Amino acid sequence: MAKSVIAEGKTSTEAIENGLKILKVSKDRVEIKILENEDKRSFFSILTPRVVKVELTLKEGIEQKTAGNEEIKTKEKAKKVILSLEDKEIAKKNLNVFLEQFVQKIGENTNYEITSDEEYIYVTITGQNVGMLIGYRGETLNAMQILLTSVANRGLDKKAHIILDIEGYREKRKKALEELADKLARTVIKTGKQVILEPMSAYERKMIHNRLQDSQRVKTHSIGEEPYRKVVITKK
């Protein structure tokens with residue numbers, strides 16, 4: 001059976017565009033049927049909100065693009081870069097040289113630790129005066145993470161991905177984002193309207209995607225270009 005959706009809008013054009021966004025296909029790939037035309041309005045309905053309904057049906061042989069969480073998983077898997085042990089050691093050495101001098105300028109009680117797994121190299125900084133390195137919503141921390149990524153990648157063919165954490169900020173931020181994801185998911189389920197979050201780093205967007213990936217009622221995808229890429233939560 002052909003895939004079809006019913007979409008609404010203030011005009012037929014808007015309704016069609018909304019339907020195309022849901023199906024994630026271009027206009028030439030669907031058959032369009034106007035269910036409620038904006039021109040067919042009676043005198044008694046003139047004060048009611050204008051709503052046009054259209055039905056979009058995928059043409060025979062056209063497959064809908066995979067969207068939401070499955071698409072995200074595929075993209076993340078494709079982007080995943082595995083560093084060789086040699087490259088990882090070079091990256092860590094680069095970080096050590098930089099951080100040794102950096103923490104000395106911050107304060108005597110400032111320390112750092114470098115760990116890694118298959119995908120990321122983690123840098124953790126702790127100390128009495130390191131709160132200033134976090135900034136509003138982690139803006140300073142994220143800027144410093146970009147700097148450390150640049151430092152770590154000197155002399156490497158593949159890009160090492162660095163995750164910087166300061167005084168446990170990442171874990172606190174993760175908890176806050178997961179609570180936000182749950183709250184917005186409930187809003188989407190209740191209203192049926194999509195929600196677009198503020199721009200986030202790829203690491204933070206991944207937290208939102210992971211939190212909602214098993215949901216039976218909502219799905220997520222990202223829009224925009226870095227560094228203004230955003231997560232969108234929509235109802236299934």
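**Figure 1. The whole chain, with contacts that reach far along the sequence.** Among contacts in the protein chain with a separation of 6 or more, 61% are between residues 24 or more positions apart. Keep in mind that this is a predicted model. The protein chain has six helices and nine strands. Of its 236 residues, 36% are buried. The accessible surface adds up to about 15,200 Å², and carbon and sulfur atoms own 50% of that. For side-chain pairings, there are seven salt bridges and three aromatic pairs in the structure; the views below pick out some of them.

**Figure 2. An open sheet made of three strands, E7-E9-E8.** The strands line up in that order, with antiparallel pairing. Strand E7 (195–196) and strand E8 (218–223) sit at the edges, each pairing on one side only. Two bridges hold the antiparallel pairing of E7 with strand E9, which covers residues 230–235. In this part of the sheet, Ile196 is found opposite Val232 of E9. Helix H5 (residues 169–191) packs on the sheet and touches E7, E8 and E9. The direction of H5 makes about 40° with the direction of E9. Helix H6 (residues 202–212) packs on the sheet too, with E8 and E9 as the strands it touches. Here the angle is about 160°, taken between the directions of H6 and E8.

**Figure 3. Arg211 and its two acidic partners, Glu178 and Asp182.** Start with the salt bridge between the side chains of Arg211 and Glu178, at 3.7 Å from N to O. Arg211 belongs to helix H6 and Glu178 to helix H5, so this pair ties together parts 33 residues apart in sequence. Then look at Asp182, which also forms a salt bridge with Arg211; here the closest N and O atoms are 2.7 Å apart. This pair again links distant parts of the chain, with Asp182 in helix H5 and Arg211 in helix H6, 29 residues apart. As for exposure, Arg211 has a relative accessible area of 39% and is partly exposed. Asp182 is partly exposed as well, at 24% relative accessibility.

**Figure 4. A salt bridge from helix H6 to a loop, Arg205 to Glu226.** The two side chains meet at 2.7 Å, N to O. Arg205 is in helix H6 while Glu226 is in the loop between E8 and E9, so the pair ties together parts that are 21 residues apart in sequence. The two ends of the bridge fall into separate exposure classes: Arg205 is buried, with a relative accessible area of 7%, whereas Glu226 is partly exposed at 46%. There is also a network to look for, in which Arg173, Glu198 and Glu204 are joined by salt bridges that share partners.

**Figure 5. Two phenylalanine rings stacked along helix H3.** Phe98 and Phe102 have ring centres 5.9 Å apart and planes at 15°, so the pair counts as stacked. For the angle, the cut-off is under 30 degrees. Both residues are in helix H3 (residues 85–106), where being four residues apart separates them by about one helical turn. Phe98 is partly exposed, with its relative accessible area at 25%.

**Figure 6. Tyr120 and Tyr203, an edge-to-face pair.** The rings of Tyr120 and Tyr203 are 6.0 Å apart from centre to centre, and their planes make an angle of 85°. Tyr120 sits in the loop between strand E4 (111–116) and strand E5 (121–126), and Tyr203 sits in helix H6, so the pair ties together parts that are 83 residues apart in sequence. Tyr120 counts as buried, at 13% relative accessibility, but Tyr203 comes out as partly exposed, with a relative accessible area of 22%. The cut-off for buried is under 20% relative accessible area. Zoom out a little and Tyr122 joins in: Tyr120, Tyr122 and Tyr203 form one aromatic cluster.

Notes
Residues numbered from 1 in each chain as written. Predicted model: local features only at pLDDT ≥ 70, side-chain atom pairs only at ≥ 80, totals over all residues. Heavy atoms only, no water. Pairing = 2+ DSSP bridges. Contact = heavy atoms within 4.5 Å. Axes fitted to C-alpha atoms, helices over the stretch in contact; angles between N-to-C directions. Buried < 20%, exposed > 50% of the residue type's maximum accessible area, 1.4 Å probe, protein only. Areas by Shrake-Rupley, 256 points an atom, 1.4 Å probe, with all protein chains shown as cover. Salt bridge = Lys/Arg side-chain N within 4 Å of Asp/Glu carboxyl O. Phe/Tyr/Trp six-rings, centres within 6.5 Å; stacked < 30°, edge-to-face > 60°.
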